[in-house]
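Me: I'd like a close look at one part of this model, please: the place where the two protein chains meet. Could you walk me through it slowly, and then show me how it fits in with the rest?

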There are 2 protein chains.
Amino acid sequence: MVPRRERERQMLEAAAQLFTQRGYDGVSMDEIAMRVGVTKPMLYAYFGSKEGLFVACIERAAEPVLDIVREAIDPSVAPDERLWRGLLAFFDFVDQHRDEWSTFFVGASGRGEAAAARIGALRHEIRVALTTLLGRTAADAGVSPELVTEIEAQAQALMGAAESVAEWWLRHPEEGTAQLHALRLMNFAWMGYGDILRGQLWLPPAQR
Amino acid sequence: MVPRRERERQMLEAAAQLFTQRGYDGVSMDEIAMRVGVTKPMLYAYFGSKEGLFVACIERAAEPVLDIVREAIDPSVAPDERLWRGLLAFFDFVDQHRDEWSTFFVGASGRGEAAAARIGALRHEIRVALTTLLGRTAADAGVSPELVTEIEAQAQALMGAAESVAEWWLRHPEEGTAQLHALRLMNFAWMGYGDILRGQLWLPPAQR
DNA sequence: GCGGTAACCTACTCAGAGCAACATCTCGGG
DNA sequence: CCCGAGATGTTGCTCTGAGTAGGTTACCGC
């Protein structure tokens with residue numbers, strides 16, 4: 001007889017661990033329940049469905065990432081350094097939670113409506129933070145703030161680039177360090193962004 | 001009594017259509033079989049498993065993408081224009097195959113070993129092509145070709161950025177056109193890459 | 001002690017992947 | 001013409017695992 005909150009904690013702990021080890025389809029609800037020392041209906045009473053339990057695991061795993069983002073918003077440092085710190089923290093996080101990252105973020109879209117929605121919300125929050133950061137930089141550079149959509153797209157591109165490099169790093173753990181990857185991303189994104197703000201654009205051949 | 005090749009075509013056709021409409025878990029093997037006018041064991045005889053059938057669908061859907069990549073390698077045009085054409089073709093493709101794209105590429109990793117491997121191979125091929133393209137540009141700019149890993153990482157970042165922007169576009173179809181997104185990517189990636197090649201690097205505050 | 005509620009379990013249903021064993025068509029060689 | 005081998009196809013089953021109905025036990029305020 002254990003109070004609900006505590007049981008929920010135990011269940012999430014066990015589920016997160018098992019999902020991380022063997023993937024969504026590799027784990028049955030019965031197994032998770034047994035690990036907790038409880039039976040299946042309890043899982044359903046508390047989380048509704050297997051996907052519900054999985055989404056709760058996603059949320060649990062997402063918290064540190066959101067912490068990183070929220071810290072990176074701190075406006076007391078220069079925008080480029082903010083981005084730098086955020087990227088560094090991100091790659092550190094991925095490095096230290098490799099299996100969790102690939103289980104609950106990379107492979108989680110396409111695991112059902114709810115999971116996809118939760119990942120979408122997470123990405124949304126990150127994109128908003130990045131857009132704010134880039135937008136402030138643009139404003140400082142005297143660029144009209146009308147180009148919100150433009151900046152949002154740049155934020156999305158940056159986020160995708162970071163995710164993609166992280167995923168690649170997961171499969172080639174021997175290549176480089178978190179610092180190196182963060183630095184690569186900075187140079188990939190920040191320098192080009194500077195060019196864009198200075199109006200140095202690439203144009204298709206037809207318009208040159 | 002229909003010859004094997006023809007049946008396989010029919011099965012792939014039906015499976016691709018149903019998976020696209022309702023997702024992997026939303027379709028049963030029985031339903032696919034019924035659509036073809038055949039029974040389940042035939043599907044297993046020809047594709048081994050549900051995942052095998054799904055992987056075959058991925059391959060089918062990937063062919064046009066690989067065609068785009070292979071065309072973009074054509075060395076008779078300038079590297080930047082090659083990249084431009086490739087990006088344009090990519091966004092056009094995603095635009096015209098929205099459901100297929102999200103079913104067989106976005107949500108396909110994390111759907112089992114084999115599917116993940118197939119997507120990995122696809123990404124690998126694209127990365128190689130991009131690395132070649134970027135590498136040639138670097139060589140033209142007189143940069144030592146030792147930095148293959150560096151360039152490979154840039155290629156990965158570019159690919160991830162493109163995928164991510166495409167995915168975002170899927171959820172905001174009203175925002176922009178294929179041309180606009182390709183242009184955004186060009187400016188995001190190509191301009192920054194130029195800076196890198198010119199040695200104009202961003203450095204962390206500690207080293208300035 | 002005594003309701004009442006929260007925690008918990010037994011014992012099922014049901015869908016769907018996968019397979020064994022059997023049936024039928026077709027076509028080339030005698 | 002026909003007959004046998006391989007390809008095509010089916011019936012009917014097993015088994016795993018998600019999800020649930022209905023009942024039981026422990027705890028807590030009064």
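Reply: Here is a tour that begins where the two chains meet and then moves out to the DNA, the single chain and one pair of helices. Keep in mind as you look that this is a predicted model.

Let's start with the meeting place itself. On chain A, 38 residues are in contact with 38 residues of chain B. Which helices of chain A supply at least two residues each to that side? They are helix H5 (79-96), helix H8 (148-171) and helix H9 (178-197). H8(A) gives the largest share, with 12 residues. If you sort the side of chain A that touches chain B by class, you get 20 nonpolar, 11 polar and seven charged residues.

Now for how the two chains sit relative to each other. Any two copies of a chain are related by a rotation about an axis and a shift along it. Here, a turn of 180° and a shift of 0.0 Å along the axis lay chain A on chain B with an RMSD of 0.0 Å. The two copies are therefore related as by a two-fold rotation axis. Both copies use the same surface, too: 100% of the contact residues of chain A recur in chain B. Want a landmark for the axis? Try A:Gly192, the residue of chain A that comes closest to the rotation axis, with its C-alpha at 1.7 Å.

Next, the DNA. Strand C is surrounded by 19 residues, and the closest are A:Arg4, A:Thr39, B:Ser28, B:Met29 and B:Lys50. So both chains appear in that list. The elements giving two or more residues to the surface near strand C are helix H1 (4-22) and helix H3 (40-47) of chain A, plus helix H2 (29-36) and helix H3 (40-47) of chain B. By class, that surface has 10 nonpolar, three polar and six charged residues.

Turn to strand D and look at the chain letters. There are 19 residues around strand D, the closest being A:Ser28, A:Met29, A:Lys50, B:Arg4 and B:Thr39. At least two residues each come from helix H2 (29-36) and H3 of chain A and from helix H1 (4-22) and H3 of chain B. The surface near strand D divides into 10 nonpolar, three polar and six charged residues.

Let's step back to one whole chain. Chain A has nine helices and zero strands, and its C-alpha trace spans about 70 × 40 × 35 Å along the principal axes. Out of its 208 residues, 41% count as buried. Among the contacts in chain A with a separation of 6 or more, 65% are between residues 24 or more positions apart.

Finally, zoom in on two helices of chain B. H1(B) and helix H4 (residues 50-73) pack at an angle of about 90°, with their axes 10 Å apart, which means H1(B) is roughly perpendicular to H4(B). From H1(B), the contact uses B:Leu12, B:Ala15, B:Ala16 and B:Phe19. H4(B) brings B:Leu53, B:Phe54, B:Ala56, B:Cys57, B:Arg60 and B:Ala61. Sorted by class, the residues of this contact are nine nonpolar, no polar and one charged.

One more stop on helix H4 of chain B is B:Asp67. This residue counts as exposed because it has 12 C-beta neighbours inside 10 Å. B:Thr132 is 65 residues away from B:Asp67 along the chain, and their C-alpha atoms are separated by 16 Å.

Conventions
Residues are numbered from 1 along each chain as its sequence is written. Chains are lettered from A and ligands numbered from 1 in the order in which they are written. This is a predicted model: local features need pLDDT of at least 70, side-chain atom pairs count only at pLDDT 80 or more; totals for chains, interfaces and linings use all residues. Two residues are in contact if their C-beta atoms, placed from the backbone, lie within 7 Å. Helices (H or I, at least four residues) and strands (E, at least two) are DSSP runs, numbered from the N terminus. Ala, Val, Leu, Ile, Met, Phe, Trp, Tyr, Cys and Pro count as nonpolar, Asp, Glu, Lys and Arg as charged, and the others, Gly among them, as polar. A residue is near a molecule or strand if its C-beta atom, placed from the backbone, lies within 6 Å of it. Copies are superposed by least squares on the C-alpha atoms of residues with pLDDT of at least 70 in both. A residue is buried if 20 or more other C-beta atoms lie within 10 Å of its own, exposed if 12 or fewer, and partly exposed in between; C-beta atoms are placed from the backbone. Axes are lines fitted to C-alpha atoms, for helices over the stretch in contact, and angles run from 0 to 180 degrees between N-to-C directions. Angles under 35 degrees count as roughly parallel, over 145 as roughly antiparallel, 65 to 115 as roughly perpendicular and the rest as oblique.
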